[in-house]
Each structure stands twice: as C-alpha cells, then as structure tokens.
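Trainee: I have a model open and a few terms I'd like to pin down. Can we go through them together?
Mentor: Sure, let's bring it up.

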Amino acid sequence: MIYRLIKPTEYDALDDFLYEAIFIPEGAPPPPRDVILTPSLRHYVKGFGRTGDICFICEDNGQIVGMAWSRILDEPGCRGYGNIGDGLPELAISVLSDYRNKGIGTGLIRRLHDALGAVGYDKISLSVQQKNPAIHLYCYSSN
Ligand SMILES: CC(C)(COP(=O)(O)OP(=O)(O)OC[C@H]1O[C@@H](n2cnc3c(N)ncnc32)[C@H](O)[C@@H]1OP(=O)(O)O)[C@@H](O)C(=O)NCCC(=O)NCCS
C-alpha cells in the first residue's frame, strides 16, 4: 500500500469516493449514484484543489483504494454537514469495501491530521451518523 497526496489528474476520482463515503445502514438499498450531484454533497468535491484543500490517497497496485480529504466548507449556502465553526477544515473519508478493516482508514486520517497540524490546524470536524460503526475510527485515530 502506498499513501500519498492526490495528484490533480486524479481529482475526478473524488466523485467515486464521495459516493463510497455515504453511510448505508445494513439492509438499506444504496442511493442512486447521482445523489452526489445534490448541492449539499457536491460542495465536498466541487472545484477541488483550491487553497486549503488536502487529500491523501491509499493506492494498491496502481488502484486508488481509499481517500481522506479535507476542505473548509463554511460559506453561507455551502456549509458542510459537520461544520462546527468557521475556518475549520472538515473531513470526508472512504475506503473501497474490499479494503476496509485493514487499517487504511486509520492510516489516511493520521496522515491528513498531521498535514493539517503542519499548516496550523489543531482541529478537524466531521459528520458521522450514530449508527455508523465508523464512529469508532475517529475515537481511535485521535488518540
Ligand atoms: C469508515 C471507513 C473509511 C473506515 O476505513 P477502514 O480502512 O475500514 O478503517 P480501519 O481499518 O482503519 O478501522 C479503524 C477502526 O474503525 C472501526 N470501524 C471502521 N469501520 C467499521 C465497520 N464498518 N464496522 C466495524 N468497525 C468499523 C473499527 O473499530 C476499527 O478499529 P479496529 O481496527 O480496532 O477494529 C470505511 O469503513 C468506509 O469507507 N466506510 C463507508 C463510508 C463511511 O462510513 N465513511 C465515513 C463517513 S463519516
């Protein structure tokens, strides 16, 4: 596995990982793919690469298998679901299903956390549903 920053030529893949990041409760049908076009989700990826955006990817044999990215989503009309204050970066993360529970999510969050710390952020926000077992990931990763 290789962890590294995303390249601009890979920004299109953010759409795939945005879709993967949507929590689907057990037994529920997956949402249609075009759900990522709704404005409340679109602003997590639209125009990615602007100042302050950071994205780490995990690559396995040339395939991107996980991504964690952050951006500041505090403009009126496009606040993130996890916004807890202006000027704070918000996290989005997903790992392809075949690659989950192997520590990749933790590896991505640690790298993103370190990169944000290096540019002066000591906090990052996120939105997670209480039923999503991913909630444990954030507790572990911040220790
Ligand atoms: C959440 C997600 C990114 C975690 O990535 P991952 O590579 O599987 O995470 P890790 O292997 O590093 O797991 C870290 C911890 O998170 C917990 N965890 C994460 N996902 C879990 C799941 N689906 N079921 C149970 N525990 C889970 C585990 O407790 C694990 O700790 P452990 O290794 O001590 O058991 C991945 O499961 C995913 O893409 N899920 C779907 C999208 C999603 O929910 N995104 C987050 C929205 S807030």
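**Terms and what backs them**

Mentor: Keep in mind that this is a predicted model. Start at the ligand: strand 4 (89-95), helix 3 (104-118) and helix 4 (135-141) each give at least two residues to the shell around it.

Trainee: What makes a residue part of that shell around the ligand?

Mentor: Its C-beta atom, placed from the backbone, has to lie within 6 Å of the molecule. The shell has 21 residues, and Arg-100, Gly-105, Thr-106, Ala-134 and Leu-137 come nearest. By class, eleven are nonpolar, seven polar and three charged.

Trainee: Why are strand 1 (2-5) and strand 4 called edge strands?

Mentor: The sheet is open, with four strands in the order 1-2-3-4 and antiparallel pairing. Strand 1 and strand 4 each pair on one side only, and that is what the name refers to.

Trainee: How do you know that strand 1 and strand 2 (residues 54-60) pair?

Mentor: Pairing takes at least two DSSP bridges. Strand 1 and strand 2 have four, in the antiparallel sense, so they meet the cut-off of at least two. In that pair, Tyr-3 stands opposite Cys-58 of strand 2.

Trainee: And the whole fold?

Mentor: Along the sequence, the pattern reads β-α-α-β-β-β-α-α.

Trainee: Why is the protein called as compact as a globular protein of its length?

Mentor: Its radius of gyration is 14 Å, and the globule rule gives 15 Å for 143 residues; those values are close, so the description holds.

Terms used
Residues are numbered from 1 along each chain as its sequence is written. This is a predicted model: local features need pLDDT of at least 70, side-chain atom pairs count only at pLDDT 80 or more; totals for chains, interfaces and linings use all residues. Ala, Val, Leu, Ile, Met, Phe, Trp, Tyr, Cys and Pro count as nonpolar, Asp, Glu, Lys and Arg as charged, and the others, Gly among them, as polar. The radius of gyration is taken over C-alpha atoms; the globule rule is 2.2 Å times the number of residues to the power 0.38.
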